[in-house]
Amino acid sequence: MARVHPNMVAAPGAIDEAPASSAVDGPTTLTVWRKSLLFDCKGFTVFDAEGNLAYRVDSYASESGDEVVLMDAAGRPAFTVRRKRLTLQGEQWLVFSGEETRRPVYTVRRSGRGKTLAHVTACAGTGAGPSYEVEGSYARRSCVVYDGERRAVAEIRPKEVVGTDVFRLAVQPGVGVPLAMAVVVALEQMFARPSLLRSWST
């Protein structure tokens, strides 16, 4: 099997907020491993193109997974993803900045129409950020995120040889990389069967 995590030390600057764009370097490519490095945890371990730890999600087996925290390499919360209950608009997950859970910045709503998997919508009063649509198949790790002008701004694609537990996330300049990872966490909650983060018996 190809080596998934070549370096376990955070790259210089990895503890800082990920840049929203990188016009010189082109898209940011991450390797996402559907496995926590902590004992008795489920989650994600995410590496940058140099093999350095970039993000992680750790969810203890006893937890329901209805609230998940995406952390950077230093363990600082980047986004909290929480399931919205009692909604008439289908399954929705709220994305909060850091650990603050009073005012969501985005909602990720499951779509039941055609090839569209989910709608990612900026919440009112948070700076009116752009909205996105996710199309494709998360089960096959083959998804594209489009902005309002139908430009592909992020893509999930399989990583050769290693199966669906390891895949690539490519994020175009101008899109926040942590936000793209938060959308991946929401897709995992909605479409993975079984989800490695969520207990479906709860």
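**A 12-stranded barrel with one helix**

Arg141 sits in the loop between strand 9 and strand 10 (142-146). It is a good spot to start, since this residue has a positive phi of about 55 degrees although it is not a glycine. Keep in mind that this is a predicted model. Overall, the chain has 12 strands and 1 helix, and the strands close into a barrel.

**Overall layout**

- Reading along the sequence, you get the pattern β-β-β-β-β-β-β-β-β-β-β-β-α.
- The barrel order is 1-2-3-4-5-6-7-8-9-10-11-12, with antiparallel pairing.
- From one strand to the next, the twist averages 20 degrees.
- The chain has 202 residues, and 49% of them count as buried.
- Take the contacts between residues at least 6 apart in sequence: 37% of these join residues at least 24 apart.
- The accessible surface of the chain is about 10400 Å², and carbon and sulfur atoms account for 52% of that.

**Strand pairings worth a look**

- Strand 1 (residues 28-33) and strand 12 (residues 163-171) run antiparallel and are joined by 6 bridges.
- Within that pairing, Thr31 of the chain stands opposite Arg168 in strand 12.
- On to strand 11 (residues 152-159), which runs antiparallel to strand 12 and is joined to it by 6 bridges.
- Here Glu155 has Ala170 in strand 12 as its bridge partner.
- Strands 11 and 12 form a hairpin with 3 residues between them, and Val161 in the turn has a positive phi of about 80 degrees.
- Back towards the start of the chain, 7 bridges join strand 2 (residues 41-47) to strand 3 (residues 53-60), again antiparallel.
- Cys41 faces a partner in this pairing too: it stands opposite Tyr60 in strand 3.

**The helix and the cores**

- The largest nonpolar core has 46 residues, and those with the most contacts inside it are Phe44, Val134, Tyr138, Leu169, Met181 and Leu187.
- Helix 1 (residues 177-191) gives the most to this core, with 12 residues.
- There is also a second, separate core of 6 residues, which includes Trp33, Phe47, Leu53 and Val162.
- Helix 1 lies across a long list of strands, among them strand 1, strand 2, strand 3, strand 11 and strand 12.
- Strand 5 (77-84) is on that list as well, and the helix runs at about 30 degrees to it.

**Loop residues with positive phi**

- Arg141, the residue we opened with, is buried, with a relative accessible area of 5%.
- Arg150 is found in the loop between strand 10 and strand 11.
- Phi of Arg150 is positive too, near 65 degrees, in a residue other than glycine.
- Arg150 counts as partly exposed, at 45% relative accessibility.

**Cysteines**

- A disulfide is a covalent bond between the sulfur atoms of two cysteines.
- With a cut-off of 2.5 Å between cysteine sulfur atoms, the count comes to 0 disulfides.
- Cys143 is buried, with a relative accessible area of 2%.
- Cys123 is buried as well, at a relative accessible area of 14%.
- Both values fall under the 20% cut-off for buried.

Methods:
Residues numbered from 1 in each chain as written. Predicted model: local features only at pLDDT ≥ 70, side-chain atom pairs only at ≥ 80, totals over all residues. Heavy atoms only, no water. Pairing = 2+ DSSP bridges. Helix = DSSP H or I, 4+ residues; strand = E, 2+ residues; numbered from the N terminus. Core = buried A, V, L, I, M, F, W, Y, C linked by side-chain atoms within 4.5 Å. Buried < 20%, exposed > 50% of the residue type's maximum accessible area, 1.4 Å probe, protein only. Axes fitted to C-alpha atoms, helices over the stretch in contact; angles between N-to-C directions. Contact = heavy atoms within 4.5 Å. Areas by Shrake-Rupley, 256 points an atom, 1.4 Å probe, with all protein chains shown as cover.
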